[in-house]
Amino acid sequence: MSRKKVLVCGAGGFIGGHLVKRLKEEGAWVRGVDIKEHEFSRSAADEFVIGDLTEQVIVRDVMDMPFDEVYQLAADMGGAGYIFTGENDANVMHNSATINLNVLQQALKTGSNKIFYSSSACIYPAYNQTDPDNPKCSEDSAYPAEPDSDYGWEKLFSERLYLAFGRNHGLDVKIARFHNIFGPEGTWTGGKEKAPAAICRKVAEAPDGGHIEVWGDGKQTRSFLYIDECLEGVSRLMRSDLSGPFNIGSEEMVTLNQLARMAIDISGKKIDIKNISVPHTGVRGRNSDNKLIAEKLHWQPSRSLKEGLVKTYSWIADQVKVKMDRNKEEVLAG
Ligand code: NAD
């Protein structure tokens, strides 16, 4: 039997990079595409194409054959510091929507029938996430829609786009709504990093006896899913005959201060938390609801946040050390 041919869009990113590794381990032939190289490791893909998927001509080039599976993860995105300021809304909406329009159209033309799309928990209505102890994010609660960011609105539009291509053109679409995926080899600095990485970095940089800043009052709640479990969920969805959308997230909800405390404990340092006021921290509460995925896919993530955070902290602490050593060398060299 010939090897499964797979295309991963966004292969130079955090989830895409890990997905390529997993697909290779499973024996697939993989072409990855991204606007940039993977920052932290050499891509495991058989072919890695640097290209801008907002350009139709690039999409035609990279999707020049019928792939057995396409994973569309490319998006203009970042953490709260990127998607909530309002400054990036036009780019986020235009770039991500254009990528999805281009990729779907070309999938149809080339007969790449099976296509995965990574949506987000950010599609859920703000009005269901005002109580930090009791947010509602079941799949059927997406409408009436009121995402709290244009990033979420674009994801919701694109979910509908994929479902429409499924209905009208017979594409086998699979949609997951990821909830805060984290792990090693993700953005940890520079403004696009998300809460777990930002907190691990601050803890790793802080001296023993110092403090770290946590955005907001720290009582806002979230859940975080380790990358390996995210990929297991994606794989099970792809092997099923279902389309979704399904939540792929953890139900272990914590406050941001609890997350910070966990990272501090892992570091073994004595560090205080200072909550600082910032204009945007997102909704007050968000948690995955795994009833549907458990019922339909007979699986749900089960590993603890602590387990994933230990691995992530260790990787980020190494990055911080390398950066600090480099800075010292530069100072010494004058
Ligand atoms: P990421 O930013 O690390 O990966 C996205 C990749 O898309 C980047 O490498 C980026 O360079 C690439 N990209 C952006 N514009 C492009 C373009 N025009 N052409 C080609 N490539 C382009 O993010 P991630 O965390 O790996 O997320 C992957 C997907 O999952 C995204 O669609 C994201 O919206 C979704 N998602 C992620 C999370 C999470 O917690 N990480 C949560 C919900 C949804």
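**Exercise 1. The ligand and its surroundings**

Find which polar side-chain atom contact Tyr 151 makes with the ligand, and then describe the shell of residues around the ligand.

*Solution.* Begin with the side chain of Tyr 151, which in this predicted model places a polar atom 2.6 Å from an oxygen atom of the ligand. Next, consider how far the ligand is covered: on its own it would expose 810 Å², and the protein buries 92% of that area. Then turn to the elements that supply two or more residues to the shell, which are helix H1 (14-25), strand E5 (114-120) and helix H5 (150-169); of these, E5 gives the most, with three residues.

Continue with the backbone, where a N or O atom of Leu 53 lies 2.9 Å from a nitrogen atom of the ligand, while a polar backbone atom of Ala 75 is 3.4 Å from a ligand oxygen. Finally, look at the shell as a whole: it holds 26 residues, of which Ile 15, Asp 34, Asp 52, Tyr 151 and Ile 181 come nearest, and by character it divides into 12 nonpolar, nine polar and five charged residues.

**Exercise 2. The sheet and the helices on it**

Work out the order of the strands in the open sheet, and identify which strands form its edges.

*Solution.* The sheet has seven strands, and reading across it gives the order E3-E2-E1-E4-E5-E6-E11, with parallel pairing. The edges are strand E3 (47-50) and strand E11 (246-248), since each of them pairs on one side only. From one strand to the next, the twist averages 20°.

To follow one pairing in detail, take strand E4 (residues 69-72), which runs parallel to E5 and is joined to it by three bridges; Val 70, for instance, has Ile 115 in E5 as its bridge partner. Now add the helices. H1 packs on the sheet and touches strand E1 (5-9), strand E2 (29-34), E4 and strand E6 (172-178), and its direction makes about 170° with that of E1. Helix H7 (residues 227-239) also packs on the sheet, where it touches E4, E5, E6 and E11, with its direction at about 155° to that of E6.

**Exercise 3. Unusual backbone geometry**

Locate the cis peptide bonds that precede Pro 144 and Pro 245, and the loops in which Asn 180 and Glu 185 are placed.

*Solution.* As background, most residues other than glycine have a negative phi, and most peptide bonds are trans. The bond from Tyr 143 to Pro 144 is cis, with omega near -5°, and Pro 144 sits in the loop between E5 and H5. A cis bond likewise joins Gly 244 and Pro 245, with omega about 5°, and Pro 245 belongs to the loop between H7 and E11.

For phi, Asn 180 has a positive value of about 45° although it is not a glycine, and its place is in the loop between E6 and strand E7 (181-182). Glu 185, also a residue other than glycine, has a positive phi near 65° and lies in the loop between E7 and helix H6 (195-205).

**Exercise 4. The contacts of Asn 180**

Which residues beyond its neighbours within four places in sequence are in contact with Asn 180?

*Solution.* With those neighbours set aside, Asn 180 is in contact with Lys 194, Arg 222, Ser 223, Phe 224 and Leu 225. For Ser 223 the detail can be given, as its backbone oxygen lies 3.3 Å from a polar side-chain atom of Asn 180. A further step compares positions along the chain and in space: Asn 180 and Ile 227 are 47 residues apart in sequence, and their C-alpha atoms are separated by 9.5 Å.

Definitions and conventions
Residues numbered from 1 in each chain as written. Predicted model: local features only at pLDDT ≥ 70, side-chain atom pairs only at ≥ 80, totals over all residues. Heavy atoms only, no water. Near = heavy atom within 4 Å. Polar contact = N/O pair within 3.5 Å; in protein donor to acceptor, adjacent residues only side chain to side chain. Areas by Shrake-Rupley, 256 points an atom, 1.4 Å probe, with all protein chains shown as cover. Helix = DSSP H or I, 4+ residues; strand = E, 2+ residues; numbered from the N terminus. Nonpolar A, V, L, I, M, F, W, Y, C, P; charged D, E, K, R; others polar. Pairing = 2+ DSSP bridges. Axes fitted to C-alpha atoms, helices over the stretch in contact; angles between N-to-C directions. Contact = heavy atoms within 4.5 Å.
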